[in-house]
Amino acid sequence: MILCHRYADASGAGNDVYEHVKKLGKFKETQRTDGISTSDIIMRIVKDYNEYVMRNLARGYTRKDLGVSYVKEKRLRVNMGLKNLRDRVKQHQEKVGEKWSTVAKLQEEWVENADRWVAGFLEKFEEGCHSMGTAIKERIQERLIKAQSSDFGSLLQYDSYDSDEAKENDEDEDELFEDVKE
C-alpha cells in the first residue's frame, strides 16, 4: 500500500505526520487538483455505502459477505422497509389524487350540464306521458264503442235468442266492461 497525498504539515506544530510512511518508502507526494476534494470523494463513498450495502442485502448477500455488523444490517433493513413503505404510500397518494381529479372533472361536468340534461329528460318524459295518455284514451274509446255496439246489437237480437244464449252474451258483455274498468 502506498500513501498518496499533497505534502503539508498536517499537524500544524511543525511535525511531519507522514515521516514514518516516508521512511518505509510508501509515500508519494501529489499535486492538488482544483475542484476535486479528497474529503468530498470520501463523503460520497461513505454516503453511498449504505445504499451499496442495502442493494446487496436485497440481492441476497449476507451481512458477513459485506462485512457488516448484525445491528447495522438490521438498521439498514428497517430503513429499506421504511423507504419501500414511503414509496408505496407516495404511489397510493398519486393514484388517489388521479381518482380525485377524475371525480372533480365529472362533478364539474355534471354541474355545467345538469340543467340541460334535466330539461332533456323532462322533455322526453313529457313526450312519453303524452303518447301513453293518448294510447290509453284511444283504447278506452275503442272498448266503449265496442261495448255500446254489442249492447245495442244484443237488445235488437234479444228476442231471437233462447235464454242460454242470452246468458252467454251477458257474460261476454261483463268481460268487456271489466277490460274497460282496468
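A residue counts as buried under 20% relative accessible area, as exposed over 50%, and as partly exposed in between. The structure in the viewer is a predicted model. The tour below moves through aromatic pairs, a surface patch, a nonpolar core and the salt bridges.

**Stop 1: Phe121 and Phe125**

Begin by selecting phenylalanine 125. Its relative accessibility is 48%, so phenylalanine 125 counts as partly exposed, being between the limits of 20% and 50%. Add phenylalanine 121 to the selection; this residue has a relative accessible area of 53% and is exposed. Both residues belong to helix α4, where phenylalanine 121 and phenylalanine 125 are four residues apart, about one turn of the helix.

**Stop 2: the nonpolar surface patch**

Keep the two phenylalanines selected and extend the selection to Trp110, Val111, Trp117, Val118 and Leu122. Together with Phe121 and Phe125, these residues make a nonpolar surface patch of about 720 Å². Now centre the view on tryptophan 117, which is placed in helix α4. How exposed is tryptophan 117? Its relative accessibility is 34%, and tryptophan 117 therefore counts as partly exposed.

**Stop 3: the aromatic pairs**

A search of the whole structure finds three aromatic pairs. One of them is formed by tyrosine 49 and tyrosine 52, with 6.4 Å centre to centre and 35° between the planes, a tilted arrangement. Select these two tyrosines in helix α2, where they lie three residues apart, about one turn of the helix. Tyrosine 49 has a relative accessible area of 31% and is partly exposed. Tyrosine 52 is likewise partly exposed, at 41%. Return next to phenylalanine 121 and phenylalanine 125, which form a stacked aromatic pair: the distance is 5.9 Å centre to centre, and the angle is 25° between the planes.

**Stop 4: the nonpolar core**

Hide the surface and select Val53, Met54, Leu57, Leu66, Val68, Leu76 and Met80. These seven residues are the largest nonpolar core. Which helices each supply at least two residues of this core? They are α2, which spans 38-59, and α4. The greatest contribution comes from α2, with three residues. In soluble globular proteins, nonpolar side chains tend to be buried together.

Select methionine 80 from this group and display its neighbours. Leaving aside residues up to four places away in sequence, methionine 80 touches Met54 and Ala58.

**Stop 5: Glu73**

Select glutamate 73, which is found in helix α4, residues 70-157. Is glutamate 73 buried or exposed? At 10% relative accessibility, glutamate 73 counts as buried. When residues up to four places away in sequence are not counted, glutamate 73 touches Leu57, Arg63 and Val68. Among these contacts, Leu57 and Val68 also belong to the largest nonpolar core.

**Stop 6: the salt bridges**

Side chains of opposite charge can pair when their charged atoms come close. How many salt bridges does the model contain? The count comes to three.

Start with glutamate 73 and arginine 63, whose closest N and O atoms are 3.8 Å apart in a salt bridge. Glutamate 73 lies in helix α4 and arginine 63 in helix α3, which covers residues 63-66, so this pair ties together parts that are 10 residues apart in sequence. Arginine 63 is partly exposed, at 24% relative accessibility.

Now add arginine 77. Its side chain meets that of glutamate 73 in a salt bridge of 3.1 Å, N to O. Arginine 77 and glutamate 73 share helix α4 and stand four residues apart, about one turn of the helix. With a relative accessible area of 34%, arginine 77 is partly exposed. With Arg63, Glu73 and Arg77 displayed together, the viewer shows a network of salt bridges that links these residues.

Finish by selecting aspartate 87 and lysine 83, whose side chains meet in a salt bridge at 3.9 Å, N to O. What separates aspartate 87 and lysine 83 along helix α4? Because they are four residues apart in this helix, the separation is about one helical turn. Aspartate 87 counts as partly exposed at 37% relative accessibility, and lysine 83 counts as partly exposed at 44%.

How values were computed:
Residues numbered from 1 in each chain as written. Predicted model: local features only at pLDDT ≥ 70, side-chain atom pairs only at ≥ 80, totals over all residues. Heavy atoms only, no water. Buried < 20%, exposed > 50% of the residue type's maximum accessible area, 1.4 Å probe, protein only. Contact = heavy atoms within 4.5 Å. Core = buried A, V, L, I, M, F, W, Y, C linked by side-chain atoms within 4.5 Å. Patch = residues over 30% accessible without salt bridge, like charges linked within 9 Å, V, L, I, M, F, W, Y side chains within 5 Å. Areas by Shrake-Rupley, 256 points an atom, 1.4 Å probe, with all protein chains shown as cover. Salt bridge = Lys/Arg side-chain N within 4 Å of Asp/Glu carboxyl O. Phe/Tyr/Trp six-rings, centres within 6.5 Å; stacked < 30°, edge-to-face > 60°.
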